[in-house]
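Trainee: I would like to go through this model and ask what stands behind each label. Can we start with confidence?

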Amino acid sequence: MKWMEYTVELARKNQSEKGGKPFGAVIVKDGEMMAEGVNDVLETHDPTTHAELQAISRASRLLKTDDLTGCEIYASGEPCPMCLSAIYLSNISKAYFANPAEGNPLRKRQFTFTSRSACRMNKGITS
Ligand SMILES: [Zn+2]
């Protein structure tokens, strides 16, 4: 799964090359990457600069809309409540995240958003 591999590599580089926290996220629409983000909390001292929020902000600005319906987000770790809320509010259609804690960094879980009021998580899906 190329986008998850790319996202995990982003996270690794953020830690090894920038000394940041090992988190990355990318937003994909119609098979094309719209935006990427890494965790910049240590560099900016801003606790809201999580990878997912950075990617959502960049994708929204690029697409000139706050409605990211049809987009997918890939994150290197399980989203925190702040990022999960942003994913939900931006109408991102699917969210995938790696779960290194389960022993395989490319094992993923998938959130499927069917509407603003319904969210279902499918555990243990692997590609
Ligand atoms: Zn977060």
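Mentor: Gladly. This is a predicted model. The protein chain has an average pLDDT of 83, and 76% of the residues score at least 70.

Trainee: What makes residues 113–127 a stretch to handle with care?

Mentor: Their pLDDT stays under 50. The scale runs from 0 to 100. The model does have 21 contacts beyond four places in sequence for residues 113–127. Still, where pLDDT is low, the predicted coordinates should not be read in detail.

Trainee: How do you know that S1 and S2 pair?

Mentor: Pairing needs at least two bridges. S1 and S2 (residues 32–38) have 6, in the antiparallel sense. Alanine 25 stands opposite glycine 37 in S2. So the two strands count as paired.

Trainee: And what joins S1 to S3?

Mentor: There are 5 bridges between S1 (residues 24–29) and S3, again set against a requirement of at least two. These strands run antiparallel. Isoleucine 27 faces isoleucine 73 of S3 across the pairing.

Trainee: Why is S3 called mostly covered?

Mentor: Count its buried residues. S3 spans residues 71–75, and 4 of its 5 residues are buried. Buried means 20 or more other C-beta atoms within 10 Å.

Trainee: Why is aspartate 30 called exposed?

Mentor: The cut-off for exposed is 12 or fewer other C-beta atoms within 10 Å. Aspartate 30 has 8, so the exposed label applies. Aspartate 30 sits in the loop between S1 and S2, a hairpin with 2 residues between the strands.

Trainee: What makes its phi worth a remark?

Mentor: The phi of aspartate 30 is positive, near 50°, and the residue is not a glycine.

Trainee: Why is asparagine 91 called partly exposed?

Mentor: Asparagine 91 has 16 other C-beta atoms within 10 Å. Exposed stops at 12 and buried starts at 20, so 16 falls in between. Asparagine 91 belongs to the loop between H4 and S4. Its phi is also positive, about 65°, although asparagine 91 is not a glycine.

Trainee: Turn to H3. How do you know that its length fits a helix of 13 residues?

Mentor: Compare the span with the expectation. H3 reaches 18 Å from its first C-alpha to its last, close to the 18 Å expected at 1.5 Å a residue. Just after H3, lysine 64 takes a positive phi of about 55°.

Trainee: Which residues of H3 are buried, and what covers them?

Mentor: The buried ones are Ala51, Glu52, Leu53, Gln54, Ala55, Ile56 and Ala59. Their cover includes S1, S2, S3 and H4. Alanine 59 touches Ile27, Met34, Ala35, Leu68 and Cys71, leaving aside residues up to four places away in sequence.

Trainee: Why is arginine 61, also in H3, called exposed?

Mentor: Arginine 61 has 11 other C-beta atoms within 10 Å, and the limit is 12, so arginine 61 is exposed. Its C-alpha is separated by 9.7 Å from that of alanine 35, 26 residues apart along the chain.

Trainee: Which residues touch the most other members of the largest nonpolar core?

Mentor: Ile27, Ala55, Ala59, Cys71, Ile73 and Tyr74, out of 30 residues. H1, S1, S2, H3, S3, H4 and S4 each supply at least two residues of this core. H3 gives the largest share, 5 residues.

Key:
Residues numbered from 1 in each chain as written. Predicted model: local features only at pLDDT ≥ 70, side-chain atom pairs only at ≥ 80, totals over all residues. Helix = DSSP H or I, 4+ residues; strand = E, 2+ residues; numbered from the N terminus. pLDDT = per-residue confidence, 0-100. Contact = placed C-beta atoms within 7 Å. Core = buried A, V, L, I, M, F, W, Y, C linked by C-beta atoms within 7 Å. Expected span 1.5 Å × (residues − 1).
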